[in-house]
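Student: I should like to learn how to read a structure that is new to me. May we look at it together?

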Amino acid sequence: MPTWNSRGLRGSTLEEFINRTNEKYLDSGLALIQKVPTPITPIRIDKESRHITLAYFEQKSTVDYIGVVQGIPVCFDAKECHTDTFPLQNIHEHQFVFMENFEKQKGIAFLILFFTHRSEFYYLPHQRLTEFWNRAKEGGRKSFRYEELAPEFFLHPKGGVLVPYLEGMQRDLEGRP
């Protein structure tokens, strides 16, 4: 079982960028997106600082963020990648299934990837994630490479928006039947 002090802060840089983006989108009246808290059971608390120093995750989490963009339900997960290859094992099956079911309910599900070594953000539409996922399930690669990603879904900060995922979402919607 993963512990809070061993994995709890991974991805915190990306999450901070996304949180700031969400504030900007809220202030602009474009979206209401919230971070989904991960329920934990504290095991050890430092009595002096009153900080949790060891805890266990209570249940499997779904996705990192959920909300609405101009009437469209949205959910997404944020993942950091330190190389040009993203292992699909970094996405848990229950997360993939949640996003799949979210899409079936007419919502939009996607991943935000942060290639830390390149300082690049990427919007991965659920449809493309499904292609990679199915390829792995059928015995193919258990990862995808940077080179396999569509250039039009790379996100470039602008206008004070650090991770402009609404632009990726717009392209995603335009590409749907």
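Student: How much area does the chain expose, and what share of it do carbon and sulfur atoms supply?

Tutor: Please note that this is a predicted model. The chain exposes about 10,300 Å², and 52% of that area comes from carbon and sulfur atoms. Of its 177 residues, 37% are buried.

Student: Which secondary structure elements does the chain contain?

Tutor: The chain has five helices and 10 strands. Among its contacts with a separation of 6 or more, 65% join residues 24 or more positions apart.

Student: How should one read the burial of residues along a helix, for instance in H5?

Tutor: An α-helix has 3.6 residues a turn, so residues three or four places apart point the same way. In H5, the buried residues are Tyr165, Leu166, Gly168, Met169 and Asp172. Seen down the axis of H5, these buried residues fall within an arc of 155°, and they therefore line one face of the helix.

Student: How does one find a pocket, and what lines the second largest pocket here?

Tutor: Rolling a probe the size of a water molecule over the atoms shows where empty space is left. The second largest pocket holds about 180 Å³ of space. Its lining has 13 residues, and Pro125, Gln127, Arg128, Phe153 and Asp172 lie nearest its centre.

Student: Which elements supply that lining, and what is its chemical character?

Tutor: Strand S8 (120–125), helix H4 (126–137) and helix H5 (165–174) each supply at least two residues. H4 gives the most, with three. The lining comprises six charged, five nonpolar and two polar residues. Asp172 belongs to both pictures: Asp172 is buried in H5, and Asp172 is among the residues nearest the centre of the second largest pocket.

Key. Residues are numbered from 1 along each chain as its sequence is written. This is a predicted model: local features need pLDDT of at least 70, side-chain atom pairs count only at pLDDT 80 or more; totals for chains, interfaces and linings use all residues. Side-chain values use heavy atoms; hydrogens and water are left out. On a 1 Å grid over the protein atoms alone, a cavity is a set of points where a 1.4 Å probe fits but cannot get out, and a pocket is an open set with protein on both sides within 12 Å along at least five of seven lines; lining residues have an atom within 4 Å of a point. Grid points are joined across faces, edges and corners, and a volume is the space filled by probe spheres set on the points. Helices (H or I, at least four residues) and strands (E, at least two) are DSSP runs, numbered from the N terminus. Ala, Val, Leu, Ile, Met, Phe, Trp, Tyr, Cys and Pro count as nonpolar, Asp, Glu, Lys and Arg as charged, and the others, Gly among them, as polar. Buried means under 20% relative accessible area, exposed over 50%, partly exposed in between (1.4 Å probe, protein chains only). Contact means heavy atoms within 4.5 Å. Accessible areas come from the Shrake-Rupley method with a 1.4 Å probe; for residues, only the protein chains shown count as cover. The arc is that of the directions from the helix axis to the C-beta atoms.
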